[in-house]
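Hello,

Here is the structure I said I would pass on. Please open it first, then read the notes below with it in view.

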Amino acid sequence: MVKPFSSSEIKSFRSDFPFFADPTLVGGRPLAYLDSGATSQRPKTVLDAERFFLEKQNSAVHRGASIATGNATSSFEASREAVAKFVGAEASEIVWTAGATDALNLIAQGIAEANTSLGSSNSLFKLEPGDEILVTEAEHHANLVPWQRLALKTGASLRWIPVNEHGIWSIDDARSYVNKRTKIFAFGHVSNVTGFKAPVRELTDLARSVGAMTVLDACQSVPHVPVNFTNLGVDFAVFSSHKMLGPNGLGVLYGKAELLDELPPARTGGSAITRVTMEQAEFLPPPLRFEAGTQAVSQVIGIGAAVKYLEDIGMQRIASHEEELVAHLVEGVNKNSGLRLLGPQNSSHRVALASVEVNGLHAHDVGQVLDGEGVQVRVGHHCAQPLHRAMGITSSVRASVHLTTTEDEIDRFLDGLRKAQKYFDLES
Amino acid sequence: MNELDQLYQQLILEHSRRPIGKGTLEDRDGELSASHYEMNPSCGDELTLKVSLDPQTMQLTQLVWEGQGCSISMASASILAQLFRDEDGFTVEQARERIAAFREMIQSRGKTEPDEDLLGDAVALQGVSKFIMRIKCAMLGWVALEANLHKLEASIATANDK
């Protein structure tokens, strides 16, 4: 059993983050930041790495012949190596994108292209009427809308595994939807609303048994728990830099080598090519084939530093710390009879967050009171309207934690909820 | 008064608990009607507002709404309906004046004095102007009314063309 952090360790981590070391004060108290699920704060080493690169090494990568561009290219590729190792992949399986949303679009649009005259007739990505693209009702819009579009473009049917009243689904539910017509199964590793952690390995085994390809939205897992895509057996996966202490504007697409080899590049242009004539172009092998145009170089340098920061602490220990915090959060929520906990009804199968409905009160109004108390959470539908609708609500209040979060911050959130209930004359 | 109390004035809380103007339109001879669904995509609040118009006088005769949302969006729609009742309906022109005055107040960041003659109890929503993330909530019902005015005018124009 890995030990959670001691209070002096948390204190030391917080001093690594300018946002926490010199915090915004609300009513004399430091802001309690419980919104890492939306975007995480960044340690100074990440900010410094970006600044150092921009001040000392900034040059175009994979272009030109100067020593400077060579150095920049080395740093850029070193980040790719670091990220690959962090998620149990080869560097050639890691593609930089503009974000996780962009990465999902790159997969879906690439598959769509494989089904035009650009694709081969025996393409791995063949989709036709009668075929099924499977998602779940719990998905973030980013892992739903691109599949809706792909279904429209190819004539395949979009199906979804429904959630129960708590907003969760199970491997048994998946078994009744995965069949020999299923070609793609896209699902989230950890729900950004319920915190529910899907049994990925069982699901990829299930998909493989019918020859379906899997796409994992790992945005809410990679920053919080150890993740190894090779061991999980996924075909594609995506995650975003800014939720794992890295810079904005950068996402990661992981694809198994043999799939990336076959996937058409949905975005084309300079630097993704080998030979170009006026009539046509030939493309580089992955991952560069998918990186047309100028890349977010300093952000890539930044994510390398973020991975180093996380690895130096250790993902097992981060997971263990967050598990303890989430247990405390869930226990506090369950003690308040005026709250409805969404997702798993206890803290198992749950990662890094908890969302609640405050009975009789709209999430925006709760958020307003919490804001006044200096507690920052996410209120709204968290880009998951169908999931909220399935639970009979339009919005919820989400508290999400990270390695810097303290129990005291969770308590301030729980107190803030009671204050909101009192303010609007409700029972807690 | 602290910021929270400025935002959630008693009147707003009362309207959000017991909203005015929820219901359906009566079907009346010679009147045109329009319905508009408006949604706040950032939080999922939704509202459908319906109005009827006497095309002879350009007087709006009924205004009703249904919706789900935060106390600000619901109270704002309710206060709009109350204002409509208190004035025995608006002409299209009066409705536009009020929408413009309300929008100006809500977007003023608390810097201008709202016109109480035009806005009545809606001036209680002035506090919203300091909370940029809540402006859309307060505007929801008013934007739906504005869209309905467009729809009614478009259907009158089409009828005149025939």
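Which residue of β3(B) does B:Lys50 stand opposite? The partner is B:Val64. Keep in mind throughout that this is a predicted model, not an experimental one.

Confidence

The predictor assigns the complex a pTM of 0.93 and an ipTM of 0.84. For chain B the mean pLDDT is 92, and 99% of the residues in that chain reach 70 or more.

The sheet in chain B

The pair you have just looked up belongs to a longer ladder. Strand β2 (residues 45-54) and strand β3 (residues 59-68) of chain B run antiparallel to each other and are joined over nine bridges. Another pair across these strands is B:Asp54, which has B:Gln59 of β3(B) opposite. The two strands make a hairpin, with four residues between β2(B) and β3(B). In that turn, B:Met58 has a positive phi, about 60 degrees.

Now add the third strand. In chain B the order is β1-β2-β3, and these three strands form an open sheet with antiparallel pairing. Why is one side of β1 (32-40) and of β3 in chain B left without a neighbour in the sheet? Both stand at the edges with a single partner strand each, so there is nothing in the sheet on the other side. From one strand to the next, the twist averages 15 degrees.

As general background for reading such a sheet, side chains in a regular strand alternate between its two faces.

Helices against the sheet

Two helices of chain B are worth finding next. Helix α3 (residues 71-86) of chain B lies across β2 and β3 of chain B, and its direction is at about 160 degrees to β3(B). Helix α6 (residues 135-161) of chain B also packs on the sheet, where it touches β1, β2 and β3 of chain B. The angle between the directions of α6(B) and β1(B) is about 145 degrees.

Where the chains meet

How many residues of each chain are in contact with the other? There are 12 from chain A and 12 from chain B. On the chain A side, α13 (363-372) and α14 (385-390) each supply at least two residues. The most comes from α13(A), with five residues. Sorted by class, this side of chain A has 10 polar residues, one nonpolar and one charged.

Regards

How values were computed: Residues are numbered from 1 along each chain as its sequence is written. Chains are lettered from A and ligands numbered from 1 in the order in which they are written. This is a predicted model: local features need pLDDT of at least 70, side-chain atom pairs count only at pLDDT 80 or more; totals for chains, interfaces and linings use all residues. Two residues are in contact if their C-beta atoms, placed from the backbone, lie within 7 Å. Ala, Val, Leu, Ile, Met, Phe, Trp, Tyr, Cys and Pro count as nonpolar, Asp, Glu, Lys and Arg as charged, and the others, Gly among them, as polar. Two strands pair if DSSP finds at least two bridges between them. Axes are lines fitted to C-alpha atoms, for helices over the stretch in contact, and angles run from 0 to 180 degrees between N-to-C directions. pLDDT is the predictor's confidence in each residue, from 0 to 100.
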